[in-house]
Amino acid sequence: MGALSVAWARVKSRPRLIVGLALINLLLTFAATRPFSAALANLIDGRPGASAMVRGNDGLLAELLSDHPEAISAAMGGAQAVLVLWGLLAWILAGGILSTLALPAVVPARGSLRDLVAESAQHAWRMIKLGALGLTARLVPLLLGGAVWFSLKPIFAHRGFSQLATWSFLTALVFALSWAWATVALDYARALALTEPIKVHRAFGRGIKRSLRAPTVMIVLFSLVGFAAITLVQASIAHALPAEPAWAAIVAFLLRVGAALGRTAVATTTLVAAGIATRA
Amino acid sequence: MHALGLFLAAATALRVPGPLSPRVANYAIQAKLTPDSHTVEGHEKITWRNLQNGPAKTLVFHLYMNAFKNEGSTFYKESHGRLRSTTAEKHGWGSIDVSKIVVGGEDLTKAWKVDDTLASVELVKPIPPGAEVVIEVDWKTVLPKVFARAGYHDDFFAIGQWFPKLGVWDCSPPQGCRWRAHQHHANSEFFSDYGTYDVDFTAPKKFWVGGSGVVTGEDQKGDDKVMHFRAEDVHDFAVMACPKFKPVDEPYKDALGEVKIELLGIPGHEANWPRHIAAAKAGLEEFGRRFGPYPYSQLTIIDIPDGAEGAGGMEYPTLITTFDAPVPRGIHLPELVTIHELGHQYFYGMVGSDEVEEAWMDEGFTETLTDWGLQHQFGRERSDWDFLGHHMSHPELERLSYRRAATWDPPETRAFDFMSNSSYGAITYAKTNVILRTLEGLIGPDAMEAAMRAYFLRWRFHHPRIDDFVASFDQAYGKDLTWFWQPALRSTEVLDYEVLSVQNREKRPLAGLWDADGGARKEVEPDEKSGKPWSSEVVVHRRGGFIFPVTLKVVFDDGSEKRETWDGGKDGVTWKKFTYDGDHKVSWAQVDPDEKVPLDVNRWNDGLRAEPDDAPRTRVTGTFASLVSALLSWVAF
């Protein structure tokens with residue numbers, strides 16, 4: 001717990017960092033939704049049927065999507081663009097966050113944005129190379145998830161719905177855990193790439209190796225449980241909100257902001273904890 | 001265990017005094033299943049009666065199993081070895097071969113002519129009207145690997161369309177005397193005459209055997225057992241055999257007494273067994289109320305094993321096969337399939353319309369019964385699913401299927417003449433259901449129920465055609481509905497009404513110079529206001545060629561409403577304008593506000609707001625935004 005608790009304390013001392021990262025998340029989200037929103041405006045703003053649709057009438061939803069697949073394309077296009085952009089930006093920012101929050105033995109009481117940006121820029125190319133190399137680690141969750149799915153098939157296939165749900169859940173769990181593990185392993189690799197004069201691919205290898213030791217399990221569980229809990233709470237409350245009143249839209253927005261802040265704090269703490277752990 | 005079940009089995013096939021049908025073709029079959037070679041060898045004795053007014057000079061038989069003989073069959077050429085979502089397996093061929101046929105004591109084997117899935121034999125002496133003849137046939141069926149209703153999979157045998165079956169001899173106008181028997185096409189099903197079936201079916205002892213009708217006895221014969229079945233006033237007979245079957249017996253009670261529901265389940269599928277049984281009971285209750293009690297003593301439900309899905313979702317007289325789907329209770333797929341196949345006992349089973357020449361009259365009517373059955377069990381709005389705040393009604397699901405094929409083929413198209421399998425499915429099943437539901441919305445559920453019941457009671461155990469249905473319905477309803485039947489059944493005209501515009505103008509005096517009394521002239525300024533501020537206009541437009549009366553709901557900004565009706569443009573004008581002068585402007589307007597016209601192909605253009613409202617869009621994009629934000633956090637921060 002040492003690395004995690006130190007990381008949490010350091011992240012808490014940088015509220016503006018968390019707010020800034022969450023704000024970028026929300027701005028990119030807003031940008032991603034614009035094409036979809038514009039497509040929908042023409043289609044549903046003038047139609048009373050839209051009210052029935054958001055109250056759960058799936059017939060109207062199916063008809064809309066069947067007649068206007070371009071709306072889905074707009075949504076997918078927007079989402080894909082921001083995912084790629086934020087993924088790339090996050091690789092670069094990780095270098096700055098590790099340099100200013102994780103790697104120093106003692107961090108100043110108030111850090112500066114300028115230091116963060118400077119450190120990010122200084123190490124950007126190494127972080128990008130490592131991020132690209134790290135994509136190979138993302139294959140592991142896919143392979144493990146697939147292996148679990150097929151290995152459980154003899155037990156769960158062709159049974160009832162609860163068996164199917166259990167099977168799917170176990171597969172998703174293995175996928176999620178291994179994804180979180182790959183993230184932590186890459187965070188280790190990033191920290192090593194910043195502190196040791198080694199090539200990127202060696203840092204990657206050492207990061208993987210480092211991830212087989214403590215406190216990886218705790219950091220992985222913190223990352224996954226934190227993400228899942230925040231997302232589930234947000235989704236549950238949002239689902240319970242009525243479809244149309246203005247106040248419900250405001251509450252949904254506030255929930256989204258809160259969830260973004262929470263998830264950003266978890267992700268940043270995970271990164272910083274991994275960085276601290278490499279120094280132990 | 002089977003002997004015990006036998007002891008308790010119903011002794012008679014009918015719950016009501018028979019005969020219920022003309023009993024044209026009566027079969028006594030002895031057959032034996034050899035699982036290792038997946039063959040059935042049999043001997044049948046058919047007592048056939050010529051109840052038509054013309055002599056029969058030939059006999060025509062269906063040899064449906066030859067559809068699976070090779071890729072040259074009509075069925076294979078049209079289906080490319082695929083039905084619904086199942087595909088034929090290599091080396092899984094099937095066939096049926098007759099080794100001997102004796103008609104009225106004459107051996108006519110040499111005169112037996114086979115053409116794909118039809119066979120004919122020229123008679124030495126024609127069978128005159130009113131006469132009866134005994135026909136004996138020896139045959140051997142090789143069951144295919146199941147992908148299209150019948151066949152085998154491992155140790156499961158779906159033995160349907162397995163014996164040489166006579167076609168229907170029909171002398172009704174305008175075509176005159178002919179055998180109504182077509183090749184088995186990819187899109188067609190089956191058609192034969194009513195009668196009785198006494199079937200002695202031999203199978204290895206380890207097999208549990210289910211069949212149409214009721215079990216009347218069982219004998220042991222070495223390593224085999226012989227199951228004796230009897231079915232009355234049916235036009236087909238099927239057998240299902242599997243050592244894994246586990247019987248679940250549930251009685252259904254109604255005013256006539258009891259129907260034995262026997263589900264033959266596959267271990268592992270237990271979660272859905274209660275759903276199938278509950279759906280069967282709901283269907284028996286609803287269809288019994290609408291059309292009269294189910295007259296047979298037993299309903300057998302076959303739970304299909306995994307890998308044999310091609311045999312699922314199929315109807316035979318008093319025996320149905322259903323699907324096991326691992327879906328939560330809120331998704332009513334198991335119930336949908338069971339109720340649909342049960343519905344076929346009424347339309348296909350008791351009303352024996354021609355599934356080949358008029359498929360809409362059995363599949364479409366049965367889809368409507370499915371709709372009514374699901375509505376009875378779950379309510380209309382949530383009849384297909386009700387899950388995590390989402391819902392779908394069956395008419396809505398049917399509408400979605402129909403609308404993509406709306407202009408392809410009319411329902412009266414013969415099954416094998418449809419443009420494609422997609423068109424066949426969408427039109428015969430979905431469009432027919434939507435047509436009948438639209439009519440129900442127009443004339444009211446009570447009148448619909450009465451007219452459908454009248455048709456059923458008039459034509460049960462006969463073979464009605466489209467004109468018979470239309471005449472019966474109109475007579476029972478008391479009005480000529482040709483204006484509806486013509487576009488609905490015999491054309492591809494589309495029904496589509498829209499609210500084209502909603503406009504509100506502030507009412508004010510007309511500006512300009514106006515002559516007043518006494519020769520004075522007054523100037524009215526453009527911005528002067530009058531007592532009543534709003535003049536509103538709503539235009540309804542008919543986009544399609546199908547003319548149908550519509551209801552319009554107009555909602556004002558104070559929440560008040562007005563309802564209007566329009567005949568839909570019978571005079572050839574495709575639009576109608578509704579105007580309102582009042583204190584309040586129109587907020588929005590909607591045609592078919594009660595969703596009684598599922599035949600309308602576009603639900604979205606049914607309504608229009610005077611001013612856009614982005615609240616629903618905000619909700620939708622908000623949900624999408626939450627998903628994107630979570631994904632961004634998952635890959636980064």
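Helices are DSSP runs of H or I with at least four residues, numbered from the N terminus. With that convention in mind, the tour may begin; the model on screen is predicted.

**First stop: a pair within one helix**

Select helix α3 of chain B, residues 273-291. Within this helix, show the side chains of Glu286(B) and Arg290(B), which form a salt bridge whose closest N and O atoms are 2.7 Å apart. The two residues are four positions apart in α3(B), which means that about one helical turn separates them. Glu286(B) is buried, at 5% relative accessibility, and Arg290(B) is likewise buried, with a relative accessible area of 5%.

**Second stop: a pair between two strands**

Next, select Lys577(B) and Glu537(B), a salt bridge with its closest N and O atoms 3.9 Å apart. This pair links distant parts of the chain, since Lys577(B) lies in strand β34 (residues 575-582) and Glu537(B) in strand β31 (residues 534-542) of chain B, 40 residues apart. Lys577(B) is partly exposed, with a relative accessible area of 41%, whereas Glu537(B) counts as buried at 17%.

**Third stop: strands of chain B**

Display strand β22 of chain B, residues 257-265, where seven of the nine residues are buried. Strand β21 (residues 246-254) of chain B runs antiparallel to β22(B) and is joined to it by nine bridges. A hairpin of two residues connects β21(B) to β22(B). To see the register, select Tyr252(B), which stands opposite Val259(B) in β22(B). Strand β23 (residues 298-303) of chain B pairs with β22(B) in the parallel sense, over five bridges; here Lys260(B) stands opposite Gln298(B) in β23(B).

Move then to an open sheet of four strands in chain B, in the order β8-β9-β3-β13, with antiparallel pairing. Its edge strands are β8 (112-115) and β13 (165-166), each of which pairs on one side only. Strand β3 (residues 56-62) and strand β9 (residues 118-127) of chain B are joined by six bridges, and Thr58(B) stands opposite Glu122(B) in β9(B).

**Fourth stop: the interface of chains A and B**

Show both chains together. The contact draws 65 residues from chain A and 55 residues from chain B. About 5,100 Å² is buried between the two chains, and carbon and sulfur atoms give 64% of this area. In chain B, select Trp604(B), Trp634(B) and Phe637(B): these lose the most area to chain A, together 21% of what that side buries.

There are 26 residue pairs in polar contact across the interface. On the side of chain B that touches chain A, α11(B) gives the most, with 19 residues. By class, that side has 28 nonpolar, 15 polar and twelve charged residues.

Which salt bridge joins Glu63(A) to chain B? Its partner is Arg399(B), with the closest N and O atoms 2.0 Å apart. The pair crosses from helix α6 of chain B to helix α4 (residues 58-67) of chain A. Arg399(B) is buried, with a relative accessible area of 0%, and Glu63(A) is buried, also with 0%. Both belong to a network of salt bridges that includes Asp67(A), Glu396(B) and Arg403(B).

**Last stop: inside chain A**

Finish at Thr269(A), in helix α12 (residues 246-279) of chain A. Thr269(A) is buried, with a relative accessible area of 0%. Beyond its neighbours up to four places away in sequence, Thr269(A) touches Leu4(A), Ala7(A), Trp8(A), Val11(A) and Phe222(A).

Technical notes. Residues are numbered from 1 along each chain as its sequence is written. Chains are lettered from A and ligands numbered from 1 in the order in which they are written. This is a predicted model: local features need pLDDT of at least 70, side-chain atom pairs count only at pLDDT 80 or more; totals for chains, interfaces and linings use all residues. Side-chain values use heavy atoms; hydrogens and water are left out. Contact means heavy atoms within 4.5 Å. Buried area is the accessible area (1.4 Å probe) that two parts lose on being put together, summed over both. A salt bridge is a side-chain nitrogen of Lys or Arg within 4 Å of a carboxyl oxygen of Asp or Glu. A polar contact is a pair of N or O atoms within 3.5 Å; within protein, one must be able to donate a hydrogen and the other to accept it, and residues adjacent in sequence count only if both atoms are side-chain atoms. Ala, Val, Leu, Ile, Met, Phe, Trp, Tyr, Cys and Pro count as nonpolar, Asp, Glu, Lys and Arg as charged, and the others, Gly among them, as polar. Buried means under 20% relative accessible area, exposed over 50%, partly exposed in between (1.4 Å probe, protein chains only). Two strands pair if DSSP finds at least two bridges between them.
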